[in-house]
Amino acid sequence: MENTEKKKIILSAMQPSGEPTLGNYLGALKNWVALQDDYNCLFCAADLHTITVRQEPKVLRERSINVLKLFMAVGIDPEKSVLFLQSHVHQHAELSWVLSCNTQMGELSRMTQFKDKSQKHADNINAGLFTYPVLMAADILLYKADLVPVGHDQLQHLEIARDIAGRFNHFYGDTFTLPEPYIQKSGSRIMSLSTPENKMSKSDPNPNGFISLLDPTDTIIKKFKRAVTDSDSEVRYSPDKPGISNLLDIYSAVTGKTIAEAEKEFSGFGYGDFKLAVGEAVASMLKPIQEKYNDLGKNPDYVKEVYTNGASFASRLADRTLSKVYKKVGFVAK
Ligand code: AQP
């Protein structure tokens, strides 16, 4: 990343909480690739965030590297963008502490993701789950990100990051850039194949609910064949047909055809033919990504070099902000 260019800064992250899904690709990764030429981009595997839900340490380590490999396999170019692991840049956790002392309990308790996740993980409602938005604010503010690509589910977290930044600037003088949401042009919310009322998630315990970016072709076809639809047989987009509408969204995003074109293409065909066509389109889109991913697997030294260089670059940027913050709050310089 050329720091001297006057391009706007974009930061985005993905949790290594499972194998990234088709939802992660269509809703985030595909857009990230497109942003690289016009912005200075930093992309990280958000491993610090991931431990808000209990993880198997060995699996987390593997998934963290795999997420970075997938970033590269989908087309994020380490020559253009900064790729790193969040835990490799210690300033994230340090800024998060300072920001948490400038965040109100009341603000955090309004976060819907906290309410959702604490219901989902009722046996482990830890303080990290509650303060998650503060760490996310630190991720963004450390790099003076102008823009943060967010889905609607993350808008509330971006707003709190802006509130925290604004409050800090008010008390201590101008320090942080107030980030704006970058609402992506494409990328509707992809829903679960087994429960189309819920979004497709990589940590879904039911593997039939999601398409992993690494699923082999026959698994992809099988999962689409099993996708929950309805008793009707018409391929039509409608709120009372969430399963078929989701498949139409996927087909449209993958082929570039409009929903109307897709409906026309499958008019008179049964669900079986349609599901097979969606499965085949997804599998052929993922094939080159999987090939690149497998090639990267043969070159772990290169992958390590990418995330090591990424972390040292990110750390230098982050340190400028953190040093300024420490000075402003009254810590003694080393
Ligand atoms: N189903 C989805 N459709 C469209 N976009 C999605 N994203 C996630 N799921 C979908 C987008 O992917 C980016 C990275 O997400 P994340 O890993 O930081 O967390 P998440 O949104 O919680 O993703 P998951 O897959 O659902 O993870 P788990 O299972 O751990 O909760 C974000 O930009 C998100 O909008």
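Here is a friendly conversation about a predicted model, covering a few residues, salt bridges and spaces within the structure.

Visitor: Let's start with Gln86. Where is its place in the structure?
Guide: Two elements frame this residue, strand S3 (82-85) and helix H4 (91-100). Gln86 sits in the loop between S3 and H4.

Visitor: Is Gln86 buried or exposed?
Guide: The relative accessibility of Gln86 is 0%. The cut-off for buried is under 20%. Because its value is 0%, Gln86 counts as buried.

Visitor: Which residues does Gln86 touch, not counting residues up to four places away in sequence?
Guide: One part of the list is a run of neighbours in the chain: Cys44, Ala45, Ala46, Asp47, Leu48 and His49. The others on the list are His92, Leu135 and Asp139. Put together, Gln86 touches Cys44, Ala45, Ala46, Asp47, Leu48, His49, His92, Leu135 and Asp139.

Visitor: With which side chain does the side chain of Gln86 make a polar contact?
Guide: Gln86 has a polar side-chain atom 3.3 Å from the backbone nitrogen of Asp47, but that partner is a backbone atom. The side-chain partner lies at 3.0 Å. That partner is Asp139.

Visitor: How many Å apart in space are Gln86 and Ala311, C-alpha to C-alpha?
Guide: In sequence, Gln86 and Ala311 are 225 residues apart. In space, their C-alpha atoms are separated by 8.1 Å.

Visitor: Which residues does Ser96 contact, leaving aside neighbours within four places in sequence?
Guide: Ser96 belongs to helix H4. With 12% relative accessibility, Ser96 counts as buried. Its contacts beyond those neighbours are Val134, Leu135 and Ala138.

Visitor: Now for the empty spaces. How much space lies in the largest cavity?
Guide: Rolling a probe the size of a water molecule over the atoms shows where empty space is left. Searching the whole structure turns up one cavity of 30 Å³ or more. The space in the largest cavity is about 50 Å³.

Visitor: Which element gives the most to the lining of the largest cavity?
Guide: The lining consists of Met111, Gln113, Phe114, Lys117, Leu129, Phe130, Tyr132, Pro133 and His157. Two or more of these residues come from each of helix H6 (112-120) and helix H7 (127-142). With four residues, the element that gives the most is H7.

Visitor: How many charged residues does the lining of the largest cavity have?
Guide: Six residues of this lining are nonpolar and two are polar. The charged class has one residue.

Visitor: From which helix does the largest share of the lining of the second largest pocket come?
Guide: This pocket holds about 260 Å³ of space. Its lining is made up of His90, Glu94, Asp319, Leu322, Ser323, Tyr326, Lys327, Phe331, Val332, Ala333 and Lys334. By class, that is five nonpolar, two polar and four charged residues. Five lining residues come from the helix with the largest share, H13.

Visitor: On to the charged pairs. With which residue does Glu180 form a salt bridge?
Guide: Side chains of opposite charge can pair when their charged atoms come close. For Glu180, the closest N and O atoms of the pair are 3.5 Å apart. The pair links distant parts of the chain, with Glu180 in strand S5 (residues 180-182) and its partner, 18 residues apart, in helix H8 (residues 155-172). That partner is Arg162.

Visitor: Is Arg162 buried or partly exposed?
Guide: Glu180, its partner, has a relative accessible area of 41% and is partly exposed. Arg162 has 26% relative accessibility, and the cut-off for buried is under 20%. Arg162 therefore counts as partly exposed.

Visitor: Which residue counts as buried, Asp230 or Lys241?
Guide: The side chains of these two residues meet in a salt bridge at 3.4 Å, N to O. Both lie in the loop between helix H9 (217-226) and helix H10 (242-255). Asp230, at 24% relative accessibility, counts as partly exposed. At 3%, the buried residue is Lys241.

Visitor: What is the distance between the closest N and O atoms in the salt bridge of Glu234 with Arg236?
Guide: Glu234 is partly exposed, with a relative accessible area of 42%. Arg236 also counts as partly exposed, at 31% relative accessibility. The closest N and O atoms of this pair are separated by 3.3 Å.

Definitions and conventions:
Residues numbered from 1 in each chain as written. Predicted model: local features only at pLDDT ≥ 70, side-chain atom pairs only at ≥ 80, totals over all residues. Heavy atoms only, no water. Buried < 20%, exposed > 50% of the residue type's maximum accessible area, 1.4 Å probe, protein only. Contact = heavy atoms within 4.5 Å. Polar contact = N/O pair within 3.5 Å; in protein donor to acceptor, adjacent residues only side chain to side chain. 1 Å grid on protein atoms, 1.4 Å probe; cavity = no way out; pocket = protein on both sides within 12 Å on 5 of 7 lines; lining within 4 Å. Points joined across faces, edges and corners; volume = space filled by probe spheres on them. Nonpolar A, V, L, I, M, F, W, Y, C, P; charged D, E, K, R; others polar. Salt bridge = Lys/Arg side-chain N within 4 Å of Asp/Glu carboxyl O.
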